[in-house]
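I opened a new page for this chain. I wanted the overall layout before picking out single residues.

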Amino acid sequence: MTKRHRVSAATAVVGLVIAGTHLLGATSAYADDPKPSVPPGTEPSAAAPVRIDSNAPGLKIPQGGTLAPVKVLDIAEVVEDLGGEQRRQETNQNVMMALQSEVLFPENSAVFNAQAAARIQAIAQEINTQKATRIRVFGFTDDQGSYEHGQELSKQRADAVQAELAKTVTNPGVTYDVRGYSEDYPIADNGTEEGRKKNRRVEITFPRGATGTAG
């Protein structure tokens, strides 16, 4: 049995909502508009903070003290297998599954290996369970080779994963946002092979519960 470890972190979410489009009522749709200006996954998923009146009589603040700026906090739980081949991150509203490219594709290829389909189908089944209708599939590479080649390869890999998901996802009105980001938004150090391996990945993100049609 694969050993797993859990890392829980409270993160301050200050990003803007990723600019994406989705079509309602369609069986399958894409959003291939230009990539957003902020990293994927930085949109806030926690509820807006409650406003506090610093002059309220029941609020006890030491003399001369002031309230700190309001922040929106979100709880992110990350589960990663020991080899880092698959990583699951959950927040209050979203689930993100990241698969290292090596477990899906041969080197420098967008053609699935023998084990890839089963991994993606398992994720598709969870998408069905969550009744999600907005699915983001983002491909990433390391910083080796040209940026343009990485962008093409990462998009081709994202397209391949989306096509496999579509075979199993049965939710009506599902919309896919499919993008290739090349070496942008690394999650590890590209200066080591271990880090580059983590950066070569495909991320599948979908809302938890029946919130897939939220804008």
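These are my notes, from the whole chain down to single residues.

**Overall layout.** I am working from a predicted model. I counted the secondary structure first and got 3 helices and 7 strands. Then I read the order along the sequence: β-β-β-β-α-β-α-β-α-β.

**Burial and surface.** I looked up how much of the chain is buried. Of its 215 residues, 41% count as buried. The accessible surface came to about 12,000 Å². Carbon and sulfur atoms account for 54% of that surface.

**Contact range.** I took the contacts between residues at least 6 apart in sequence. Of these, 73% join residues at least 24 apart.

**The core.** Which residues touch the most other members of the largest nonpolar core? I found Leu-104, Ile-127, Ile-135, Val-161 and Leu-165, in a core of 25 residues. I then asked which elements give two or more residues to this core. My list reads E4, H1, strand E5 (134-140), helix H2 (147-168), E6 and strand E7 (201-207). H1 gives the most, with 5 residues. I noted the general background too: in soluble globular proteins, nonpolar side chains tend to be buried together.

**Val-161.** I followed this core member outward. Setting aside neighbours within four places in sequence, I listed the contacts of Val-161. They are Leu-104, Phe-105, Phe-112, Ile-120, Val-137, Val-202 and Ile-204. Leu-104 is thus a contact of Val-161, and both are on the list of residues that touch the most other core members.

**Phe-112.** I turned to Phe-112 next. It sits in the loop between strand E4 (94-100) and helix H1 (116-130). Is Phe-112 partly exposed or buried? I put Phe-112 down as partly exposed, because its relative accessibility is 25%, and buried would need under 20%. I checked its contacts with the same sequence neighbours left out. Phe-112 touches Leu-104, Phe-105, Ile-120, Ala-160, Val-161 and Glu-164. For the pair Phe-112 and Val-161, I noted 49 residues of separation in sequence and 8.8 Å between C-alpha atoms.

**Backbone oddities.** I searched for positive phi outside glycine. Asn-108 came up, with a phi of about 60°. Asn-108 is in the loop between E4 and H1. Tyr-185 also came up, with a positive phi of about 60°. Where is Tyr-185 found? I placed Tyr-185 in the loop between strand E6 (175-180) and helix H3 (193-199). Tyr-185 has a relative accessible area of 22%, so I logged it as partly exposed.

Notes
Residues numbered from 1 in each chain as written. Predicted model: local features only at pLDDT ≥ 70, side-chain atom pairs only at ≥ 80, totals over all residues. Heavy atoms only, no water. Helix = DSSP H or I, 4+ residues; strand = E, 2+ residues; numbered from the N terminus. Buried < 20%, exposed > 50% of the residue type's maximum accessible area, 1.4 Å probe, protein only. Contact = heavy atoms within 4.5 Å. Areas by Shrake-Rupley, 256 points an atom, 1.4 Å probe, with all protein chains shown as cover. Core = buried A, V, L, I, M, F, W, Y, C linked by side-chain atoms within 4.5 Å.
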